[in-house]
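Trainee: Could you walk me through this one?
Mentor: Happily; have a look first, and then ask away.

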Amino acid sequence: MAQSLELLLIQFLMPDNDARRQAEDQIKRLAKDPQVIPALVHHLRTAKTPNVRQLSAVLLRKKVTGHWAKLSPQLRQLVKHSLIESITLEHSPPVRRASANVVSIIAKYAVPAGEWPDLLPFLFQCSQSQQEDHREVALILFSSLTETIGNSFQPHFADLQSLLLKCLKDETSNRVRVAALKAVGSFLECTHDGAEVVKFREFIPSILNVSRQCLASGEEDVAVIAFEIFDELIESPAPLLGESVKAIVQFSLEVCSSHNLETSTRHQAIQIISWLAKYKSNTLKKHKLVIPILQVICPLLAEASENDNDDDLAPDRAAAEVIDTMALNLSKHVFLPVFEFSSLSSQSVNPKFREASVTALGVISEGCLELMKNKLEPVLQIVLGALRDPEQMVRGAASFALGQFAEYLQPEIVSHYESVLPCILNALEDASDEVKEKSYYALAAFCENMGEEILPFVDPLMIKLLAALQNSPRHLQETCMSAIGSVASAAERSFIPYAERVLELMKIFMVLTKDEDLRSRARATELVGIIAMSVGRMRMEPILPPFIEASISGFGLEFSELREYTHGFFSNISEILDDGFAQYLPHVVPLAVSSCNLDDGSAVDIDESEDENVNGFDGVSSDDEAHDEPRVRNISIRTGVLDEKAAATQALGLFALHTKSSFAPYLEESLKILVRHSTYFHEDVRLQAITSLKREYRCNNKNSGEFRQCTTYLTKYLTMSPLPTLKRMLLGFIPQHADSFPNTPSVMLPPWKSTNLAWHSYTYPSYDRVCKLLTSSIPKKILLIVKLLSHQYQDGMDGQEIDILTAAQAIFQSQHEGPTKAREVLDTVMNIYIKTMTEDDDKEVVAQACMSISDFIKDNGYMAIEPYIVRLVEATMILLREESACQQTESDGEIDDDDTEHDEVLMDAVSDLLPAFAKSMGSQFAPIFENMFGPLMKFAKASRPPLDRTMVVACLAEVAQHMGAPIAGYIDVAVMPLVLKELLSSVATNRRNAAFCVGELCKNGGDSVLKYYGDVLHSLYPLFGDSEPDDAVRDNAAGAVARMIMVHPESIPLNQVIPVFLKVLPLKEDREESAAVYSCVCNLVLSSNPLILSLVPELVNIFAQVAVSPDETSEAKSTIGRAFSHLISLYGHQMQPILSSLSPTHANALAAIAPKS
């Protein structure tokens, strides 16, 4: 074989394609024989030309895996010996490298089996050789071996690190230093031990030196290996030394600001800064590196890109990404430097700097939102000025920035609509299509969050938008449709006059089939769904069929974005039609399922060794018998499919929510999808799965209104019934139906000895009659049992108890499968939620899981969560201590305990769990709250931002409201001092929550709160005055005083308090305070309190305003009606002058709410 193989190898290297093809076919045939291995080894050592020797090594690498086990021990030894000789004696570097790659493959099998004990000693010896070639190839082999036998290096790790560090400092050979740099990168990739990673910090100065030398010699492709190493170090859980970070930052800034370097090289340097901001933000703060970084990065925004505008590697784009990341992770350190840069650059004569000034403000608006809200006037002045700039690029950037502001600076930005909207309207007439496109984006983002403020602008906006929709290029029509959708969403029913015209135009777009038009079709589909939400079911349902048909047909056009928006369209339609959407389920559910089951389109980029891509050696790489395992270099995902999956996942949940029992045939399959997607690799899909799981559980749950009411009755009877046998029966029932027991103490049962005719006259049925009812619905059965229990106790029919229990047990047994299935679903959902809370690494997904759990607890009560309470509490504690996976983004070791860079949305969701627990458990929550109190109060420190402190205060208020008396134990500890301080806050939300909290503390705190009454009244008093600009704050202050009067009127100087209290009534904004405030007033009136009765004219005026208010609750009006009726009974005709002073509208409304005698 050896002689014929040599000829074929030579023939394969010929330029003649036919000859090459013939040789390849013959080589493939010979390669099936294990004897090809010694033959290739022979040619590797004896062939006269380096090309043949290299080709032999390449083929050997590919074939040795499949044949190694078939070789005799003698042949294996020959192969290993020959490869070592090739590495040490071969003069050709490509042949040495190819031989090293073969060694790496064989080592994968031979070293773990103990068949090559002298390999590592040989490499250590070779790496210290006097010959440069030997040192280089040893390092190359070390790099290669990390991929196959990396674990085998573990006992030698210290020696290897010393060796690599020595080679990085090699004084005679740049090739050795470069090989050492590559080897360091390879070893870091396979090193997972934090203690070992830490040791690589010592390498950083040498790595920087080698990289700088490579840049100086033009070897940028080698220099960037340093950034790959830094990437590994930064993402490692091991902390970086401060000086190391300084050196890395300095080097990265040098590279990214060097215009003579390749764009890709500069991009990698910028990316390192981004990773540092994301993973090592505390270190950047500690060593005061934020400002130096921004001083270099911000000017890069003004760098003109020589490449295409869509080049993501361009320095200006990369700089924007870094600034965005820094703003998200270092907000309070980023805003001022960026604002100063923007202020100065906005005055520059260079339009690129003027463009950069507003781009920077737009980019940081998400991360620095709170700080920007406080500086909104000067920030808007810069951006609105740029919107009038003579340069197109500046106006376009200003429109982008306005869109960002509208998206993130809510609700404050909307209050500036009078200055912002006219500027956007003018920009819609811009001569530049680019400016128009960005202005449509700004308009869409701005209008989306507006309410009735938009109404004066709807007509001028729609005139321009409709004209643009009919006369603009396709890409402008798409953004125009987004803007129309936002206008429709904000205007709601006021959009009706424009809906018909827009919908007619959408019919045209929704039948387009050319590839270049499908994005427009997608936007049109989305817009129809938004308009449907605005105009409502009555107007939309009759005209829906053609839109439904077009949406379904568009699904077959194989355009992911169109499918994504189609799912959104169906989601909206299901919401407006509710159970009327059931008719479309057979058509739309399979579409959603097909999207959920789509292949992600992963594209794997294989890193073939360089020796296979030179001189045409890749021709034999397709042999089916090759068992080589190439390294995966990169994986890319079709992001459009991710968006489609997320939309389809959301749609399944909404279909279940709105069509209820009609969704039953699809429940099992969709639940499997949601469970699978709850652990999906992309957070957007996980987020929608977590949200939809709650909706699907509601669909699966049987707690209809009647059923929930009846199970509430049963829960009440469980605590009230004196019959122990009945209690045992109910206890047997509850676990089967725990998902259906709400915590609704406000639902009142008929008294045990009630004379209510509807109950008392109920005819007690025989046992046979009860059993016949087994075929009826569960709610009727339960209602029957409730009535039987009530009737039985009232009439003393204890002798029939056994018959009732027998019938009841039969009923419950007959329903065993349904509750069991519901419990299985609940187990699945709750297990996913709890696991997500602690293990998911995305904060938004975790926040949604927390919100879903809170909603579930509020809807279903403690009985439903009792099996999970221990794990739920444990997961909540982990989040409060900021120890969950999504909170572990920082590992610098020196974390400031007062660090405030956390996600407010996440912590708001976590803090909402505590009131949910309290509401479901009442005073039984006290022992759990005792453990949660400390971690919660960490967020209330004075060093924390106002948002954190008010989050804690709001949480304490609701816990006090629902837990009741046990809150008294915390009032002196830290709670009351905190709340009194927050009443003086400069932030309205903080004052509002503090006022609500202090009222609940006074209501539930018992005698321990009495000593604070004076301080509380003193702190509340300013909130009643004209200096308080916020009506909601004033309403909550009134609620606090009302609660104080109701629980301890003797501790209140009523003669001073009541006039001030009444002065702020009626309530203006927070109707949740109505019950407390008007109950207090009513009680004072009904008790004929002389102080309140001296203020009858003021009272009647307040009552009349409450009566006429369309926003006030019927309960509040009923309460006021009773008080008003009492005044009439007390004063009779003396009231006539007061009533005559009222307007007819107020007088009639007041008369309408007075109880009829």
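**Questions about the model**

Mentor: Let's begin with a single residue: Y862 has a relative accessibility of 25%, so this tyrosine counts as partly exposed. Keep in mind that the model is predicted.

Trainee: Which residues does Y862 contact, leaving aside its neighbours within four places in sequence?
Mentor: Start with its place, which is helix 46, residues 862-865. Its C-alpha atom is separated by 9.5 Å from that of A918, although the two are 56 residues apart along the chain. Beyond its neighbours within four places, the contacts of Y862 are I869, S920 and M921.

Trainee: Thanks! Stepping back, what share of the contacts in the chain with a separation of 6 or more comes from residues 24 or more positions apart?
Mentor: The chain has 61 helices and 2 strands. Of its 1157 residues, 55% are buried. Among contacts with a separation of 6 or more, the share from residues 24 or more positions apart is 75%.

Trainee: How far apart in space are E370 and Y408, C-alpha to C-alpha?
Mentor: E370 sits in helix 22, which spans residues 369-374. Its relative accessibility is 34%, so E370 counts as partly exposed. In sequence E370 and Y408 are 38 residues apart, while the C-alpha to C-alpha distance is 9.5 Å.

Trainee: Now helix 18: why are its buried residues on the same side?
Mentor: Helix 18 covers residues 290-300, and its buried residues are V290, I293, L294, I297, C298 and L300. They lie on the same side of helix 18 because, around the axis, they cover an arc of only 135°. As a general point, an α-helix has 3.6 residues a turn, so residues three or four places apart point the same way. The value to remember for helix 18 is therefore the arc of 135°.

Trainee: Just before that helix, is K288 buried or exposed?
Mentor: K288 belongs to the loop between helix 17 (281-286) and helix 18. Its phi is near 55°, a positive value in a residue other than glycine. Most residues other than glycine have a negative phi. With a relative accessible area of 66%, K288 is exposed.

Trainee: What is the phi of E882?
Mentor: E882 is found in the loop between helix 47 (869-880) and helix 48 (904-921). Like any such case, it is worth checking by sign: the value is positive in a residue other than glycine, and phi of E882 is near 60°.

Trainee: In that loop, which residue has a side-chain polar atom 3.2 Å from the backbone nitrogen of E883?
Mentor: Look for a residue in the loop between helix 47 and helix 48, where Q887 has its place. Q887 has a relative accessible area of 14%, so this residue is buried. Not counting residues up to four places away in sequence, Q887 touches K843, I878, L879, E882, L906 and M907. The side chain with a polar atom 3.2 Å from the backbone nitrogen of E883 is that of Q887.

Trainee: How do the residues divide in the contact of helix 20 with helix 23?
Mentor: The axes of helix 20 (residues 331-345) and helix 23 (residues 376-386) come within 11 Å and cross at roughly 35°, and the crossing is left-handed. From helix 20, F335, F339, S342 and S343 meet P378, V379 and I382 of helix 23. The residues of this contact divide into 5 nonpolar, 2 polar and no charged.

Trainee: Which residue does a cis peptide bond join to L1065?
Mentor: Most peptide bonds are trans. One cis bond joins Q410 and P411, with omega about 0°, and P411 lies in the loop between helix 24 (392-408) and helix 25 (417-427). Another lies at the loop between helix 55 (1054-1063) and helix 56 (1074-1086), where P1066 has its place. With omega about 5°, the residue joined to L1065 is P1066.

Trainee: Last one: which residues does S92 touch, not counting those up to four places away in sequence?
Mentor: S92 is in the loop between helix 5 (73-89) and helix 6 (93-110). Its relative accessibility is 14%, so S92 counts as buried. Beyond residues up to four places away in sequence, S92 touches P50 and R53.

Terms used. Residues are numbered from 1 along each chain as its sequence is written. This is a predicted model: local features need pLDDT of at least 70, side-chain atom pairs count only at pLDDT 80 or more; totals for chains, interfaces and linings use all residues. Side-chain values use heavy atoms; hydrogens and water are left out. Buried means under 20% relative accessible area, exposed over 50%, partly exposed in between (1.4 Å probe, protein chains only). Helices (H or I, at least four residues) and strands (E, at least two) are DSSP runs, numbered from the N terminus. The arc is that of the directions from the helix axis to the C-beta atoms. Axes are lines fitted to C-alpha atoms, for helices over the stretch in contact, and angles run from 0 to 180 degrees between N-to-C directions. A crossing is left-handed if the near helix is turned anticlockwise from the far one by less than a right angle, and right-handed if clockwise. Contact means heavy atoms within 4.5 Å. Ala, Val, Leu, Ile, Met, Phe, Trp, Tyr, Cys and Pro count as nonpolar, Asp, Glu, Lys and Arg as charged, and the others, Gly among them, as polar. A polar contact is a pair of N or O atoms within 3.5 Å; within protein, one must be able to donate a hydrogen and the other to accept it, and residues adjacent in sequence count only if both atoms are side-chain atoms.
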